[in-house]
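Me: I have a model open and want to learn how to read its helices and its chain contacts. Can you take me through a few features, one at a time?

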2 protein chains.
Amino acid sequence: MSNEAVWDRPEPPSKPSPTPLSRDLIVNAAIRLADGGGLDEVSFRKVAAALNAGPMRLYGYVETKAELLDLMVDEVYGEITPPSPSADWRTGLRHVAHGVRDAAKRHEWFIDLLSNRPHQGPNALTHMETTLATVRFENIDDVLGAVGAVMAYVFGAVRGEITELRAERSTGMTEEQWQRASGPYMQRMLATGRFPTLARVMHESSDSDPAHRFEVGLDYVLDGIATRHNPA
Amino acid sequence: MSNEAVWDRPEPPSKPSPTPLSRDLIVNAAIRLADGGGLDEVSFRKVAAALNAGPMRLYGYVETKAELLDLMVDEVYGEITPPSPSADWRTGLRHVAHGVRDAAKRHEWFIDLLSNRPHQGPNALTHMETTLATVRFENIDDVLGAVGAVMAYVFGAVRGEITELRAERSTGMTEEQWQRASGPYMQRMLATGRFPTLARVMHESSDSDPAHRFEVGLDYVLDGIATRHNPA
DNA sequence: TATCACTCAATACACTGTATCGCGATGAGA
DNA sequence: TCTCATCGCGATACAGTGTATTGAGTGATA
């Protein structure tokens, strides 16, 4: 055997550097990929390639792809700093709201993973714990109702922001609202006269920045809670 | 040629009944599939099969799968009845909120398609138009802010409901909240004592029905809007 | 009747998540 | 030191996806 010259053979396996690997390494690699190219970039093959490993190697650390996505979500929860324990409920909830919004804007894929399964990872649980703890109403149902309403608003608002942001990215860069509306389809629709209020919004509305709109809506919710639970 | 007997040949194409087909037929078939088995059931192959057609046939009516999903979403918007034009803003917005919630519960996949692209189909536009028109504040920015906040809350709240509902379906049927919590993992977590407020919620909270929780949160938002824009 | 256009099914390709298989290195026992 | 067993991991395989391409058959037209 081996008349065949070594250098003709395709570099034997011989350990191309089998990095030790760990669950954290995998999750972080997946997050980097998702941050840079959306969730489509997260496939076992691509994540493994980013770690110089074969796809099947990941199954030693992660049972299924859904589990990997769950781990990614929990990692994001870990990035959100809890409110100060001494904060009153209003500033506490506002802190959490902004924390979630900021995290979701750092990782745009986060909002896409919300509908899958409930978030019960350790970081998600402590996030929920500290959030609930910041509201010290006597009735626990009121606490749950207030936190639930704020979180629902936050997730809904952030979803809207991200969606709009993606649309802007695909329809040429960062045009203003009414400029997007002048896309041929929208222009035609508005020209039909069937959407007078919508048209008025497009033309008259001052195109306020997303952060401000988020704040306004958040204040609505917080005000509503305050009217039913007299201040602190 | 044709020593070969006819009945050995695999039934020539010969029109096995090429149903005329149309965009609406395709969208409706896709919706039926999604209603009955989630979005995973919506593939070009399966939709086409449901219509006795080959997968590629659909491309004559729908350019891409994303377009099909957009059409499905717009169809759902079409199911939502607009508020009476004479309704005041509060009952108008409440009507819309419940309309969206009901539609989303009829079609659980609806909420999964929200983050993809903005909804600009004809039905979505008239939905937006009638919703905006029900709020007759003098300042158009206030109108947008109010509607935006309510819609953000609604989408967030419905997402939470659907997610919870799915979790219940996979963790044995319809257990109560604290019973789900007694899944081994959750029980272990709560036993660590690191989540006192969460534990209190699990034990003390009266497990109110989702519809009521939705209503409470909605009232928070509406109250918040009302405090800044004096009634009617 | 001959040709053309058009419709749609079949095929093909790159990609996905994951089950199975088999090789090669490593560690244990003689 | 030699052999055997074990086990981690890469390669392979399979069923599924969206979609581009191809090719065959049909109906209309010259």
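Me: Let me start with two helices of chain A. Which hand does the crossing of α3(A) and α5(A) have?

Reply: One caution before that: this is a predicted model. The crossing of α3(A) and α5(A) is left-handed. Helix α3(A) spans residues 65-79 and helix α5(A) spans residues 122-133.

Me: At what angle do α3(A) and α5(A) pack, and how far apart are their axes?

Reply: The angle is about 40°, and the axes are 7 Å apart. An angle has to be under 35 degrees to count as roughly parallel, and 65 to 115 to count as roughly perpendicular. α3(A) and α5(A) are therefore oblique to each other.

Me: Which residues make the contact of these two helices?

Reply: From α3(A), take D74(A), Y77(A) and G78(A). From α5(A), take P122(A), N123(A), A124(A) and H127(A). By class, this contact of α3(A) with α5(A) has three nonpolar residues, three polar and one charged.

Me: Next, burial. Which residues of helix α9(A) are buried?

Reply: Start with the general idea. An α-helix has 3.6 residues a turn, so residues three or four places apart point the same way. Now the case here. In α9(A), residues 196-204, the buried ones are T197(A), L198(A), V201(A) and M202(A). They cover an arc of only 140° around the axis, so they sit on the same side of α9(A).

Me: What is exposed on the other side of α9(A)?

Reply: There you find P196(A), H203(A) and E204(A).

Me: Now the two chains. How many residues of chain A are in contact with chain B?

Reply: The size of an interface is often given as the accessible area lost when the parts come together. Here we count residues instead. 54 residues of chain A are in contact with 53 residues of chain B.

Me: Which elements of chain A give two or more residues to the side that touches chain B?

Reply: They are α5, α6 (140-170), α8 (184-191), α9 and α10 (210-228) of chain A. α6(A) gives the most, with 19 residues. The side of chain A that touches chain B divides into 26 nonpolar, 15 polar and 13 charged residues.

Me: Show me one helix pair across the chains. At what angle do α10(A) and α6(B) cross?

Reply: They cross at roughly 70°, and their axes come within 9 Å. That angle makes α10(A) roughly perpendicular to α6(B). On the α10(A) side, the contact is made by R213(A), V216(A), G217(A) and Y220(A). On the α6(B) side, G145(B), G148(B), A149(B) and A152(B) take part. The classes in this contact of α10(A) with α6(B) are four nonpolar, three polar and one charged.

Me: Last, backbone angles. What is notable about phi of N52(A)?

Reply: Phi of N52(A) is positive, about 55°, although N52(A) is not a glycine. Look for N52(A) in the loop between α2 (44-50) and α3 of chain A. N52(A) counts as exposed because it has 12 C-beta neighbours inside 10 Å.

Me: And what about N52(B): where is it, and what is its phi?

Reply: N52(B) is in the loop between α2 (44-50) and α3 (65-79) of chain B. Its phi is near 55°, a positive value in a residue other than glycine. With 12 C-beta neighbours inside 10 Å, N52(B) counts as exposed.

Note on methods:
Residues numbered from 1 in each chain as written. Chains lettered and ligands numbered in written order. Predicted model: local features only at pLDDT ≥ 70, side-chain atom pairs only at ≥ 80, totals over all residues. Axes fitted to C-alpha atoms, helices over the stretch in contact; angles between N-to-C directions. Helix = DSSP H or I, 4+ residues; strand = E, 2+ residues; numbered from the N terminus. Parallel < 35°, antiparallel > 145°, perpendicular 65-115°, else oblique. Left-handed = near helix turned anticlockwise from the far one by under 90°. Contact = placed C-beta atoms within 7 Å. Nonpolar A, V, L, I, M, F, W, Y, C, P; charged D, E, K, R; others polar. Buried ≥ 20, exposed ≤ 12 C-beta atoms within 10 Å, placed from the backbone. Arc of directions from axis to C-beta.
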